[in-house]
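Thanks, everyone. I'll go through one structure this morning, starting with a strand and then turning to the rings. Please have the sequence and the view open.

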Amino acid sequence: MTIEIGNIALRERVSQFLADDPGKLLIGGAWVEASSGERFSTIDPATGAVIAHVARAREADADKAVSAARTALISPAWAKMTPAARSALLWRIADVMQEHLEDLAELETLDQGKNLRTSLFGEVPAAISQFRYYAGWPTKITGETIPTSLSRTPPGKEVFAYTRREPVGVVAAVVPWNSPLIMTAMKLAPALAAGCTIVLKPAENTPLTALYLGRLLQEAGVPDGVVNILTGYGTEAGQALADHRGVDKLAFTGSTAVGKRLVSSAAGSLKRLTLELGGKSPSIIMPDADLPAAIEGVSRGIFDNGGQVCVASARIYAHRDVYQDVVDGMAAAGDKLRLGHGLDSAADLGPLVSRAQAERVSDFISEGRVEGATVVTGGTLSGPADTFFSPTVLTDVRADMRLMREEIFGPVAVVTPFDDLDEVVGWANDSDYGLAASVWTEGLSNGHRVASALEAGTVWVNCHSFLGPELPKGGHKESGWGYENGAQGLENYLETKTVVMVI
């Protein structure tokens, strides 16, 4: 069968998935209704049409999912799986996802709104790469032997000491709506490599690729209960997982405000936490920069995915010698982008994820106008559901305005001139956030100097938003705790046990 959204026919497997009542919870290997029987709608943000009705998990469902994960954690099918077999399983997950790449991309675009090219050539392949990268790790998780100098060793005996690396246990993975599938993979892949079990809570705005992935995990042979999926609201299912004493580790990507609340929730049982939170990333364009490359890079960094990117280049500081060229170039880049349904091949940018998010972005612009900001281009809402927001370039924004200090999560760039390098580094660091930054210069000395001085978890030189599973990603200041990706990403899901023996 084929389902159409507007005049766009969906792929056969996507149509079948949506027709087969995809909205149940995955708990202990079974697809079940929420305990309450309640459901909620997930919406195509471009049109406002209902795509599917999915189960609304609450505390009782969180209890069941955590129990299933705890049972699976010690089950022979998982606990006794050899490292090599776990590696093969992760690689097999990647293979199955690769087979369904176009289906996942279409579903991600339909549910979140992003341009299909972004899903098809960027985010879904990046999610697959997470599983391939971490497939290499299970056979390399090792402890060490430790020579000791303990004075209490009995005569004629020796002390033998070693460490073991063990899974942290049951992980609650709570992911955001801006890049749902890749954020899911960034948590599932290292957690599975470490031998953990997982309860995944996708964002209520974008649950569909998580539910589709759940079926692919079963197809790949993930044992029952190792990955459980709860759809529902953050204040209900998400909060229940944060409070649950059966959860050993909480991995969250989302807003700083929610992250702070989760710290309080985790305190009751001293859960381990990894938090990737908000950002207000600065980009510094030096007078010697390759200007076309810089303009293209920062424009892509703020306009891609409608600016709904945690590392978006939201604050542009351009040296006065090139300032007007940057303003004009970014405005021209924004004006060229065509807005349309993410599945429309003629569109460059899809809608924002919801009407509420679009109105939030619009409110920032309205407030900025009142406070004296100049809208060079953009700043308008459109579309059948009022969810399309035109790429926006602002000038005359003071450092104390909300436009400069708060994460907007929309295609809104603020461009400010500077004269002195030390001064602009101070401006860039004058933020509660510290997730990412970029500097554009042909000078090797300036590149190293500014990269060292910027207070951010990632600094790019002559590029922006260059990410990969091998590159640690995390925030300084209020942008988070801990790092994902790379070897550090795996450490999030491991505990160390010391064993001391007298022999």
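Start at strand β22, residues 458-461, where the side chains alternate. Thr458 and Trp460 point to one face and are buried. Val459 and Val461 point to the other face and are not buried. Before going further: this is a predicted model.

What does β22 pair with? Strand β21, residues 436-440, runs parallel to β22, and four bridges join the two. To place the register, Val439 stands opposite Val461 in β22. So which element goes with these two strands to make a β-α-β unit? That is helix α16, residues 444-453, and the unit formed by β21, α16 and β22 is right-handed.

Next, the aromatic rings. The structure holds six aromatic pairs. One of these is Phe17 with Tyr212: the ring centres are 5.0 Å apart and the planes are at 70 degrees, so this pair is edge-to-face. The cut-off for that label is over 60 degrees between the planes.

Where do the two partners sit? Phe17 is in helix α1, residues 12-19, and Tyr212 is in helix α8, residues 208-220. The pair therefore ties together parts that are 195 residues apart in sequence. Are these two residues buried or exposed? Phe17 has a relative accessibility of 6% and so counts as buried. Tyr212 is also at 6%, and buried as well; the cut-off here is under 20%.

A second pair to look at is Phe160 with Tyr162. Their centres are 5.5 Å apart and the angle between the planes is 40 degrees, which makes the pair tilted. Phe160 is partly exposed, with 35% relative accessibility. Tyr162 has a relative accessible area of 24%, so Tyr162 counts as partly exposed too.

Two rings also have a charge over them. Which residue sits over Trp91? It is Arg132, whose charged end lies 4.5 Å from the centre of the Trp91 ring. In the other case, Lys249 lies over the face of Tyr493, at 5.4 Å from the ring centre.

Last, the annotation. An unreviewed UniProt entry places the feature "domain: Aldehyde dehydrogenase" at residues 31-499. That label comes from the record, and such annotations may be inferred rather than shown by experiment. Over residues 31-499 the model has 41% helix and 22% strand. The C-alpha atoms at the two ends of that stretch are 41 Å apart.

That's what I have; we can go back to the view for discussion.

How values were computed: Residues numbered from 1 in each chain as written. Predicted model: local features only at pLDDT ≥ 70, side-chain atom pairs only at ≥ 80, totals over all residues. Heavy atoms only, no water. Buried < 20%, exposed > 50% of the residue type's maximum accessible area, 1.4 Å probe, protein only. Pairing = 2+ DSSP bridges. Right-handed = clockwise from strand over helix to strand, strands pointing away. Phe/Tyr/Trp six-rings, centres within 6.5 Å; stacked < 30°, edge-to-face > 60°. Lys NZ or Arg CZ within 6 Å of the ring centre and 35° of its normal.
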